Amino acid sequence: MSIIGEYLRVTATQLERAVQDPEWALDHADEVREAEDQPESPSTASRHYSTYQAWDLIRFLLARTGMPVDIIHGEEPFTEEDWGYGPPRYLHPEHVRLAAHTLRTLSYDRLMEGVSPDDLLRAEVYPHGWDAEMLGWGRPWYDGLTHFFEAAATAGDAMLVWLD
């Protein structure tokens, strides 16, 4: 089994409902994931996005920048229920906007500057086994995540975040 990063865009009304009824939130997340086929680059209408196994690489790279929002694990807890690898969290629309703005300023190439496979191995970045050929591996998921956050920010959406 793999650990994958999951994101679900929700409206303010849906976020309120998710906080009040976490069981509804899980059912809603499952429905949206089943209904949407995820392209490599999400459309502005996409409600779900997954970074697959690239979540930890993205976490490592963003941690080096002082990213002001935890987009890998989310900011606010709303349930203790385990959605795969721990409970989900959420990002308020303000956090989504701040994250989108920050992501927009950080290209994948800029994030990778000075990063070697040895750095990733020492930091035990998931998935393990890094070599020079793998350094570009996370680009499509990072770029897709950037587009996903930009679309959510433009719409004023909040975001549910979890590892599955």
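Here is a short talk about charged residues in this predicted model.

Trainee: Why is Asp 157 called buried?

Mentor: Its relative accessible area is 5%. Buried means under 20%, so Asp 157 belongs in that class.

Trainee: And what makes Arg 47 partly exposed?

Mentor: Arg 47 has a relative accessible area of 22%. Partly exposed lies between the 20% and 50% cut-offs, so that label fits Arg 47.

Trainee: How do you know that Arg 47 forms a salt bridge with Asp 157?

Mentor: Their closest N and O atoms are 2.9 Å apart. The rule asks for a Lys or Arg side-chain nitrogen within 4 Å of a carboxyl oxygen of Asp or Glu, so the pair qualifies. Arg 47 sits in the loop between α2 and β2, and Asp 157 in the loop between α7 and β5, 110 residues apart.

Trainee: What makes Arg 104 and Glu 150 a salt bridge?

Mentor: The N to O distance is 3.4 Å, and the limit is 4 Å, so this pair counts too. Arg 104 is in helix α4 and Glu 150 in helix α7, 46 residues apart.

Trainee: How many salt bridges does the rule give?

Mentor: The count comes to nine.

Trainee: Why is Glu 23 called exposed?

Mentor: Glu 23 has a relative accessible area of 57%. Exposed means over 50%, so Glu 23 earns the name. This residue is found in helix α2 and helps form a negative surface patch, with Asp 21 and Asp 27 among the other members.

Conventions
Residues are numbered from 1 along each chain as its sequence is written. This is a predicted model: local features need pLDDT of at least 70, side-chain atom pairs count only at pLDDT 80 or more; totals for chains, interfaces and linings use all residues. Side-chain values use heavy atoms; hydrogens and water are left out. Patches are made of residues with over 30% relative accessible area and no salt bridge: like charges are joined within 9 Å, nonpolar side chains (Val, Leu, Ile, Met, Phe, Trp, Tyr) within 5 Å. Accessible areas come from the Shrake-Rupley method with a 1.4 Å probe; for residues, only the protein chains shown count as cover. Lys and Arg count as positive and Asp and Glu as negative; His and the chain ends are not counted. The place of a charge is taken as NZ of Lys, CZ of Arg, CG of Asp or CD of Glu. Helices (H or I, at least four residues) and strands (E, at least two) are DSSP runs, numbered from the N terminus. Buried means under 20% relative accessible area, exposed over 50%, partly exposed in between (1.4 Å probe, protein chains only).
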